[in-house]
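Open the model in your viewer and keep the selection panel handy. We will walk through it stop by stop.

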Amino acid sequence: MASYIAKSVIKNTISSTNGQHLNTVRTFSLGLQHNQKKTLSPKSGDSVVLLDGVRTPFLMSGTDYNSLMPHELAKHALSGILKKTGVSKDLIDYVIYGTVIQEVKTSNIAREASLAAGYNEKTPAHTVTMACISSNVAIATAVGLINSGIYDVIVCGGVESMSDVPIRHSRKMRSLMLKANKAKTLQQKLSLLASIRPNYLIPELPAVAEFSSGETMGYSADRLAAAFDVSRQEQDEFALRSHTLAQQAFDKGYLTDLIPVQTPTQTKLIDRDNGIRVSTPEKLASLKPAFIKPHGTITAANASYLTDGASACIVTTESKAKQLGIKPKAYLRNFTFVSQDPIDQLLLGPAYGTPLILEKAGLSIKDIDVWEFHEAFAGQILANFKAMDSDFFAQKYMKRQSKVGAPDISKFNNWGGSLSIGHPFAATGVRLAMHTANRLVREDGQFGLVAACAAGGQGVAMILERHPDATPN
Ligand SMILES: CC(=O)SCCNC(=O)CCNC(=O)[C@H](O)C(C)(C)COP(=O)(O)OP(=O)(O)OC[C@H]1O[C@@H](n2cnc3c(N)ncnc32)[C@H](O)[C@@H]1OP(=O)(O)O
């Protein structure tokens with residue numbers, strides 16, 4: 001790690017195909033050339049950087065964040081990022097914040113959470129939603145605003161609370177209640193009351209399902225795993241790997257984006273994720289299928305679970321970071337969003353996004369030192385690997401000449417992932433970016449690739465480059 005920071009560089013600029021400058025950098029350590037690396041830098045102007053990021057502990061829904069409204073949970077991340085970086089609230093130009101299952105009372109949760117966190121009331125805030133990649137959208141939007149010279153310092157992030165999802169009356173009951181509101185006489189009110197039928201009282205529960213097909217994410221993942229011939233054992237092994245690596249990363253103190261939370265109803269400080277659970281192959285094998293019964297292969301243990309949590313990060317320019325005297329974590333080099341058939345390719349965002357982003361950035365799979373994919377389901381990750389490693393898939397579905405290849409597993413989600421750490425939908429994007437940035441430092445890498453799938457058959461891929469001044473804390 002120290003060797004990277006101490007390296008001096010000689011840059012030979014070569015124009016890459018996408019118009020970015022692909023610089024060959026000769027690196028030296030203790031005066032000896034030992035390595036050759038390349039760096040991506042913008043053609044002109046400042047680089048956009050991920051200054052730093054934080055997240056609350058991610059908790060299984062229905063546990064210690066039970067009593068919090070989502071904006072109350074989000075405020076911990078929003079105040080936490082200011083505390084961690086020392087950036088004054090008055091320097092924040094804008095806030096972009098994601099959420100997926102919206103609390104109707106706080107539809108612009110970005111604003112409510114900023115106010116709750118004590119941000120300057122003069123700082124505008126808007127909410128974004130793109131399912132599980134909402135905080136990736138927040139980051140990408142910030143990069144655009146900064147690159148266009150509109151703002152300098154933007155806070156991005158996301159929150160999800162699955163402990164108190166909006167449960168609605170049935171459509172018929174809602175319509176009747178609205179009519180009752182307008183009824184003028186007692187007789188009109190009584191006649192509406194008399195029209196209520198027992199089935200009107202059945203509530204509408206939100207489902208983690210695709211609107212266009214009605215299929216749950218789990219059901220779709222089960223079909224995907226079967227289509228790519230991913231076995232139950234492979235999925236269980238991957239899930240166990242995720243939990244084991246997350247536990248190790250926590251024990252070693254690597255999860256430095258984690259900030260403790262004190263809720264009004266809890267006396268103890270919440271300072272760790274509570275869904276990490278290193279089990280045994282036998283226990284995992286004993287679990288029943290959760291979605292397609294009785295023959296499906298997705299279980300509670302090889303699926304991500306319903307999670308509460310919030311994240312926040314600061315996106316700014318390299319020169320602004322320098323002016324503030326803060327060492328950035330990483331450069332935000334490039335991103336792409338992808339979209340495909342939401343029925344059969346719902347969860348294949350990483351397979352579609354990875355070759356595109358590598359091409360855009362002028363990199364190859366071998367240049368990636370750190371891989372961070374969102375683990376919606378173990379079967380979904382392994383299906384993505386198979387798709388990425390298939391010439392047939394590349395040619396038939398992506399109209400590409402050949403496969404991009406699967407990630408090197410020794411560089412993949414080395415601190416666990418959404419299966420183990422949890423997946424509060426809109427908060428996960430920042431968690432992925434921070435794991436990437438912090439792993440690049442600890443693992444002495446240069447480029448990290450973040451990718452995730454999202455409802456609607458959408459996905460994201462992003463390239464981060466380690467900042468030479470970055471520290472792991
Ligand atoms: C783009 C995207 O991200 S799409 C993904 C969106 N997210 C989703 O769709 C969420 C998917 N997950 C879910 O819906 C739920 O977590 C489910 C349906 C899979 C499981 O829910 P539940 O049945 O409530 O899970 P629960 O926690 O009770 O666990 C069931 C059993 O598995 C066991 N179990 C769960 N996790 C583990 C584990 N890691 N190791 C060992 N056992 C485990 C539990 O102990 C329990 O065992 P028991 O029956 O012997 O008591």
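Which residue follows H7 with a positive phi? Select aspartate 229: its phi is positive, near 55 degrees. Before going on, some ground rules. This is a predicted model, in which local features need pLDDT of at least 70 and side-chain atom pairs count only at pLDDT 80 or more, while totals for chains, interfaces and linings use all residues. Residues are numbered from 1 along each chain as its sequence is written. Helices (H or I, at least four residues) and strands (E, at least two) are DSSP runs, numbered from the N terminus.

**Stop 1: helix H7**

Now select H7 itself, residues 217-227. The helix is mostly covered, with eight of its 11 residues buried. Here, buried means that 20 or more other C-beta atoms lie within 10 Å of the residue's own, exposed means 12 or fewer, and partly exposed is in between; C-beta atoms are placed from the backbone. Among the buried residues of H7 are Met217, Asp222, Arg223 and Leu224. To see part of what covers them, add helix H8 (232-251) and helix H12 (378-388).

**Stop 2: the ligand**

Show the ligand and the 22 residues around it. A residue counts as near if its C-beta atom, placed from the backbone, lies within 6 Å of the molecule. Met217, Ser279, Ala300, Ala301 and Ala376 come nearest. H7, helix H9 (281-286) and strand E12 (447-454) are the elements that give two or more residues to this shell. Colour the shell by residue type and you get 15 nonpolar, five polar and two charged residues. In this scheme Ala, Val, Leu, Ile, Met, Phe, Trp, Tyr, Cys and Pro count as nonpolar, Asp, Glu, Lys and Arg as charged, and the others, Gly among them, as polar.

**Stop 3: strand E9 and its partners**

Select residues 307-317, which form strand E9; 11 of the 11 are buried, so the strand is largely enclosed by the rest of the structure. Show the side chains: Thr307, Gly309, Ser311, Cys313, Val315 and Thr317 point one way, while Asp308, Ala310, Ala312, Ile314 and Thr316 point the other way.

Next, bring in the strands that pair with E9 (two strands pair if DSSP finds at least two bridges between them):

- E4 (residues 48-55) runs antiparallel to E9, joined by seven bridges; look for aspartate 52 with its bridge partner isoleucine 314.
- E5 (residues 59-60) is also antiparallel to E9, with two bridges; here methionine 60 stands opposite threonine 307.
- E8 (residues 154-160) pairs with E9 in the antiparallel sense over seven bridges; isoleucine 154 has valine 315 as its bridge partner.

**Stop 4: leucine 348**

Jump to leucine 348, in the loop between strand E10 (330-339) and helix H11 (349-361). Why does leucine 348 count as buried? Because 25 other C-beta atoms lie within 10 Å. Not counting residues up to four places away in sequence, leucine 348 touches Gln340, Asn384, Ala387 and Cys453, where contact means C-beta atoms, placed from the backbone, within 7 Å. Add glycine 459 too: 111 residues separate the pair along the chain, yet their C-alpha atoms are 7.6 Å apart.

**Last stop: a parallel pair**

Finish with strands E6 (residues 94-98) and E7 (residues 125-128), which run parallel and are joined by four bridges. Tyrosine 97 has threonine 127 in E7 as its bridge partner.

Note on methods: Two residues are in contact if their C-beta atoms, placed from the backbone, lie within 7 Å.
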